[in-house]
Amino acid sequence: MNKTGNPLDLREWLKRIDQIGELDHCLGAHPNLEIGAISQLNVKKENHKALLFDDIVGYPKGYRVLTCSTGSKKRLASILRLPSPNTHQDLIESLRDKPAEWLSKAKDFTPTPVSHGPILENVMQGDAVDLNQFPAVLWNKDDGGKYIGTGCSVVSQDLESGWVNVGTYRVMLQSKNKVGLMIIPGKHAHIQHTKYMDAKKPFPVVIILGADPLNYLISGIEVPFDVSEFNYIGAILGQPVEVIQGDVTNLPFPSAAEIVLEGWVYPGDQAPEGPFGEFLGYYTSGSSLASVVTVEKLYYRNNPIILGSPPSKPPNDYSYSKSVMRSALLFNSIVAAGVPNVQSVWAHEIGGSRMFNVISIKQKYAGHARQAGHILSQCGVGAYMSRYSIVVDEDIDPSNLSEVMWAVATRSDPVNDIDFIQRGVGSQSDPMSVAQTLKAPFASKAIIDACRPFEYLSTFPKVVDVSEDLEKHVKKKWPNLL
Ligand SMILES: Cc1cc2nc3c(=O)[nH]c(=O)nc-3n(C[C@H](O)[C@H](O)[C@H](O)COP(=O)(O)O)c2cc1C
């Protein structure tokens with residue numbers, strides 16, 4: 001194993017994506033709503049690039065915000081250190097077996113502590129800490145405050161075992177040395193926080209506001225309990241993460257991180273937080289009390305970059321990455337459940353990569369399509385919040401909504417081809433649960449079989465289409481037109 005550490009340098013990654021034409025710049029935007037609006041409009045464009053904001057109104061030149069970092073197959077592959085893909089399917093294929101491999105190797109990649117690194121270029125402590133110098137953003141007009149942490153990673157530790165967790169939880173600016181931290185009950189840092197509060201001890205926290213996006217990509221997914229995301233990231237990189245240990249809390253952070261806040265949540269210290277536009281495109285919860293972090297020590301690089309990743313109506317800043325990661329996990333789960341001839345799976349961004357999922361199969365026997373649809377809807381990775389599960393034939397690309405809905409419109413018979421599941425697994429953050437103020441988050445589910453009926457496969461009307469050869473031929477002959 002290569003013992004050299006990786007400092008998770010965002011600037012090295014920016015160089016790499018600039019070389020492949022995946023980086024754009026925006027100068028002179030206002031942090032109140034303009035950065036949010038530009039980022040949202042950008043992410044909805046086909047072939048959009050990552051956006052680096054500079055000359056932000058009210059802040060020193062060089063103090064930057066990056067958004068849309070994970071939103072294309074090439075950028076995502078580059079973050080995950082996978083080969084550059086031609087299609088979404090290529091990316092899912094190269095990702096499919098990786099999460100299990102990374103998990104099994106994580107124990108071999110304990111972070112490497114170092115004493116130097118770019119994050120130490122500026123260090124302030126106590127009264128000198130001033131978070132107002134950094135461009136905190138008001139992403140959407142009904143948000144309850146300015147958020148300094150969205151594509152961030154929060155490092156915390158278990159009181160008993162010492163296990164270091166790294167999770168993405170939003171961070172709202174409260175004052176020059178205080179931020180609000182919104183951690184949903186059940187998340188790993190919440191479990192750790194509860195132990196400290198029960199013991200009436202301050203909860204030590206480190207918040208990383210920018211680093212190689214691999215850091216926030218992995219801190220934003222469910223790495224199992226007791227496994228440190230830093231080890232998991234080391235397994236992806238094939239080398240340990242190089243970390244500095246903060247001398248206030250002893251918690252680690254990458255040596256090339258952009259901005260790091262180190263401090264404590266004191267027992268009982270809470271303040272109103274939110275509302276905040278969420279990943280399905282709604283304000284599903286209002287303002288509520290959240291933990292306050294008092295920042296004792298601040299570290300930042302010269303001309304620091306905040307990694308922004310605001311949720312909003314999908315497709316949003318990080319929905320593409322969630323679609324790819326969940327599609328790969330679903331694919332593996334469905335194959336493991338014994339469904340043959342699975343061609344492809346896609347968890348659509350519009351459903352927050354949970355509520356609108358599609359599978360394509362090459363039908364082998366009567367009932368095969370229903371089996372695939374029900375397992376897609378109910379397998380471990382899929383059951384939470386799955387609302388619509390759609391099964392299509394192998395000639396349909398599940399990631400192409402227009403093709404999928406064409407299959408639904410032309411190959412399904414509503415009375416016979418839609419199955420319902422009552423009282424399935426829902427969520428408190430489903431806008432339907434919120435609107436109906438459900439006592440428990442049950443949700444009904446539909447499985448739509450949009451495959452040609454198995455018994456009519458040979459007689460089903462032929463598709464009118466341009467053959468692959470003919471397409472190649474005309475594209476070659478009229479390159480400017482097509
Ligand atoms: C950009 C982004 C923002 C997120 N914001 C929050 C948040 O504010 N609170 C929260 O509890 N989870 C949030 N999540 C989800 C958690 O990061 C995710 O569930 C992760 O697995 C939590 O880490 P843990 O498994 O170590 O608890 C967010 C995820 C992403 C990608």
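Q: Does K200 count as buried or exposed, and at what relative accessibility?
A: Keep in mind that this is a predicted model. K200 sits in the loop between α6 (188–198) and β11 (203–208). The cut-off for exposed is over 50% relative accessible area. K200 therefore counts as exposed, at 68% relative accessibility.

Q: What is phi of K200 near?
A: Most residues other than glycine have a negative phi. K200 is a residue other than glycine, yet its phi is positive. The value is near 55°.

Q: Where is D55, and what is its phi near?
A: Look in the loop between β2 (50–54) and β3 (64–67), which is the place of D55. D55 counts as partly exposed, since its relative accessibility is 28% and that label covers the range between 20% and 50%. Phi of D55 is positive here too, near 50°.

Q: Which residue follows G274 across a cis peptide bond?
A: Most peptide bonds are trans. The bond that starts from G274 is cis, with omega near 0°. Its other end is found in the loop between β15 (270–273) and β16 (288–300). That residue is P275.

Q: In which loop is P315, the residue joined to P314 by a cis peptide bond?
A: The bond from P314 to P315 has omega near 0°. As for its place, P315 is in the loop between β17 (305–307) and α9.

Q: What share of the ligand's exposed area does the protein bury?
A: Start with the contacts: a backbone N or O atom of T168 lies 2.6 Å from an oxygen atom of the ligand. A backbone N or O atom of R170 is 2.8 Å from a ligand oxygen, and an N or O atom in the side chain of Y169 is also 2.8 Å from one. Taken alone, the ligand exposes 630 Å², and the share buried by the protein is 91%.

Q: How many residues of the shell around the ligand are charged?
A: There are 19 residues around the ligand, and T168, R170, M182, K187 and H188 come nearest. The shell divides into six nonpolar residues, eight polar ones and, for the charged group, five.

Q: Between which domains does the largest nonpolar core lie?
A: This core has 70 residues, and L14, L66, L80, I208 and I359 have the most contacts inside it. Helix α9 (residues 319–336) gives the largest share, seven residues. Both domains give residues to the core, so it lies between domain 1 (10–307) and domain 2 (319–456).

Q: How far is the C-alpha atom of F420 from that of A446?
A: F420 is in strand β21 (residues 418–425) and is exposed, with a relative accessible area of 64%. F420 and A446 are 26 residues apart along the chain, but their C-alpha atoms are separated by 4.6 Å.

Notes:
Residues are numbered from 1 along each chain as its sequence is written. This is a predicted model: local features need pLDDT of at least 70, side-chain atom pairs count only at pLDDT 80 or more; totals for chains, interfaces and linings use all residues. Side-chain values use heavy atoms; hydrogens and water are left out. A residue is near a molecule or strand if one of its heavy atoms lies within 4 Å of it. A polar contact is a pair of N or O atoms within 3.5 Å; within protein, one must be able to donate a hydrogen and the other to accept it, and residues adjacent in sequence count only if both atoms are side-chain atoms. Accessible areas come from the Shrake-Rupley method with a 1.4 Å probe; for residues, only the protein chains shown count as cover. Ala, Val, Leu, Ile, Met, Phe, Trp, Tyr, Cys and Pro count as nonpolar, Asp, Glu, Lys and Arg as charged, and the others, Gly among them, as polar. A nonpolar core is a set of buried Ala, Val, Leu, Ile, Met, Phe, Trp, Tyr and Cys residues joined through side-chain atoms within 4.5 Å. Buried means under 20% relative accessible area, exposed over 50%, partly exposed in between (1.4 Å probe, protein chains only). Helices (H or I, at least four residues) and strands (E, at least two) are DSSP runs, numbered from the N terminus. Domain bounds come from an automatic or database domain assignment.
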